Amino acid sequence: MKKPFVSYEQLKEITKTYSTPFHLYDEKGIRENARRLRAAFAWNKGYKEYFAVKATPNPSIINILREEGCGVDCSSLTELMLAERCSCRGDDIMFSSNATPAEEFRKARELDAQINLDDFTHIDFLEKVCGIPEKICCRYNPGGTFDIENQIMDRPGEAKYGMTKEQLIEAFRILKAKGVKEFGIHAFLASNVLSNYYYPALAGVLFETAVELKELTGAHIGFINLSGGIGIPYRPDEKENDIFAIGEGVRQKFEKILVPAGMGDVAIYTELGRYMLGPYGCLVSTAIHEKHIYKEYIGLDSCAVDLIRPAMYGAYHHVTVSGKEDAPCDHIYDITGSLCENNDKFAIDRKLPKIDVGDLIIIHDSGAHGYAMGYNYNGKLKSKELLLCEDGSVRMIRRAETPEDYFATLEF
Ligand SMILES: Cc1ncc(COP(=O)(O)O)c(C=O)c1O
């Protein structure tokens, strides 16, 4: 049974002040989870989580995570600017981009951010645009498939990211000759993985590569960035990852591979998004229509503009009818938004309690890659974002878009 973090009574109260639809975030859940992650990696002296800003680019969320000791992982100019506005600088920022425009590298250098180079050719590009810093990270792509326990988790060989092993070695040599004093390596080999073995397996690959790089090039490797990818259970029958088992799995690889190579001082970094925020956000909407044709439809006041994952990936998001948590799921509905796109369905053939117009519908796990992936198709405007604070109060942390926002970029 998946339970929302917000009760019917709380939602009734919230909707007296704030109309639906809105994304709601759970400060308590976010903080407790961030603390668990830190505790799971406390064995590593330099450990730091760089929250993937792309998952939930909101200063209030970033500030909560900053208070919990996190830095930020940025992937674009505006994410870097957002980080700057949240007083992040230098080692608080990881810049993991790809096909990077010149002004983004310039901004990263201006902020003294740690740059994670996606490609071998970016060395020359970066040098021309703004010079090579003394500390730099390179992104590795081992190619082929990435398997855990004989199961294919993903296909790095098909991914546009990172450098081959040969390029990585050559990159280290060239960068060292250009004055780099400290190196990092990074890889992101699979996304939304529900397995405690993903990070340890990835760590194994990166740690062995780090030892090889040190031996071949003499480079000083200061950190290894395991990136994002830890999954969350979107479906009620899925099993949650155990972050302490993950931390311990990485520690064992560290002891086995890095320590004997004299690399026991390497800092472990992560740049998680989904794991940090996914379960601690939900999209709250009102059922505004019911439609009976060949199927039963419930139309919401939100749409794929607010949460595109179901339309884009066919992703499952659990749905709760607030106040009817214990009612029997004896109806089958398609839960839809209002876009002129037939894939604008939050749920298809979903067993739910009887829904009445006016019911509050909670779409779970929208906290990461939810609001952030929104767009403006059909001229639909993006919803507001609210924070359920630790003391139970609610704060608007982003207003809803207005027609003026939509028209602001147009010339008439
Ligand atoms: C470079 C990089 N780091 C971190 C993340 C965060 O991934 P996740 O939200 O799956 O943890 C992403 C997601 O796309 C990414 O591209």
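P21 lies in the loop between α1 (8-17) and β1 (22-26). The peptide bond that leads from T20 to P21 is cis, and its omega is near 0 degrees. The model described here is predicted.

**Domains**

The domain assignment splits the chain in two: domain 1 covers 8-23 + 279-404, and domain 2 covers 28-278. Taken over C-alpha atoms, the centres of domain 1 and domain 2 are separated by 32 Å. In the contact between them, domain 1 takes part with 18 residues and domain 2 with 19 residues. On the side of domain 1 that touches domain 2, β18 (384-388) and β19 (394-398) supply at least two residues each. Sorted by class, this side of domain 1 has 9 nonpolar, 5 polar and 4 charged residues.

**The barrel**

A closed barrel is made of 8 strands with parallel pairing, in the order β2-β3-β4-β5-β6-β9-β10-β11. From one strand to the next, the twist averages 25 degrees.

Two of the strand pairs in this barrel can be followed residue by residue. Strand β2 (residues 48-52) runs parallel to β3, and 3 bridges join the two. Here A52 has D73 in β3 as its bridge partner. Strand β3 (residues 71-74) has G71 and D73 pointing one way and V72 and C74 pointing the other way, and all of these are buried. In a regular strand, side chains alternate between the two faces of the sheet.

Strand β6 (residues 135-139) and strand β9 (residues 182-186) also run parallel, joined by 5 bridges. One of the pairs places C138 opposite its bridge partner I185 in β9.

**Around the ligand**

The ligand has 16 residues around it, of which A52, S96, G228, G273 and R274 come nearest. A52 is also the residue whose bridge partner in β3 is D73. By class, the shell around the ligand holds 6 nonpolar, 7 polar and 3 charged residues.

**Strand β17 and its partners**

Strand β17 (residues 360-363) sends L360 and I362 one way and I361 and I363 the other way, and all are buried. β17 pairs in the antiparallel sense with strand β12 (residues 281-292), over 4 bridges. V284 has I362 of β17 as its bridge partner. Strand β14 (residues 319-321) pairs with β17 as well, again in the antiparallel sense, over 3 bridges. In that pair, V319 is matched with I363 of β17.

Both V319 and I363 come up again in the surroundings of F346, a residue of strand β16 (residues 345-352). Neighbours within four places in sequence set aside, F346 is in contact with L307, P310, H317, V319, I335, G337 and I363. F346 counts as buried because it has 29 C-beta neighbours inside 10 Å. P59 is 287 residues from F346 in sequence, and the two are 27 Å apart in space, C-alpha to C-alpha.

**Residues in loops**

Several loop residues can be set beside F346 by their C-beta neighbours. The table lists four residues.

| Residue | Place | C-beta neighbours inside 10 Å | Counts as |
|---|---|---|---|
| Y294 | loop between β12 and β13 (296-300) | 5 | exposed |
| N150 | loop between β7 (146-148) and β8 (151-154) | 5 | exposed |
| H369 | loop between β17 and β18 | 24 | buried |
| F346 | strand β16 (residues 345-352) | 29 | buried |

Why does H369 count as buried? The cut-off for buried is 20 or more other C-beta atoms within 10 Å, and H369 has 24 C-beta neighbours inside that distance. Y294 has 5 such neighbours and therefore counts as exposed. N150 also has 5 and so counts as exposed.

The backbone gives a further detail for two of these residues. Phi of N150 is near 65 degrees, which is a positive value in a residue other than glycine. Phi of H369 is likewise positive, near 55 degrees, and H369 is not a glycine either.

Y294 can also be placed relative to L226. The two residues are 68 residues apart along the chain, and their C-alpha atoms are separated by 48 Å.

Note on methods: Residues are numbered from 1 along each chain as its sequence is written. This is a predicted model: local features need pLDDT of at least 70, side-chain atom pairs count only at pLDDT 80 or more; totals for chains, interfaces and linings use all residues. Two strands pair if DSSP finds at least two bridges between them. Axes are lines fitted to C-alpha atoms, for helices over the stretch in contact, and angles run from 0 to 180 degrees between N-to-C directions. A residue is near a molecule or strand if its C-beta atom, placed from the backbone, lies within 6 Å of it. Ala, Val, Leu, Ile, Met, Phe, Trp, Tyr, Cys and Pro count as nonpolar, Asp, Glu, Lys and Arg as charged, and the others, Gly among them, as polar. Domain bounds come from an automatic or database domain assignment. Two residues are in contact if their C-beta atoms, placed from the backbone, lie within 7 Å. A residue is buried if 20 or more other C-beta atoms lie within 10 Å of its own, exposed if 12 or fewer, and partly exposed in between; C-beta atoms are placed from the backbone.
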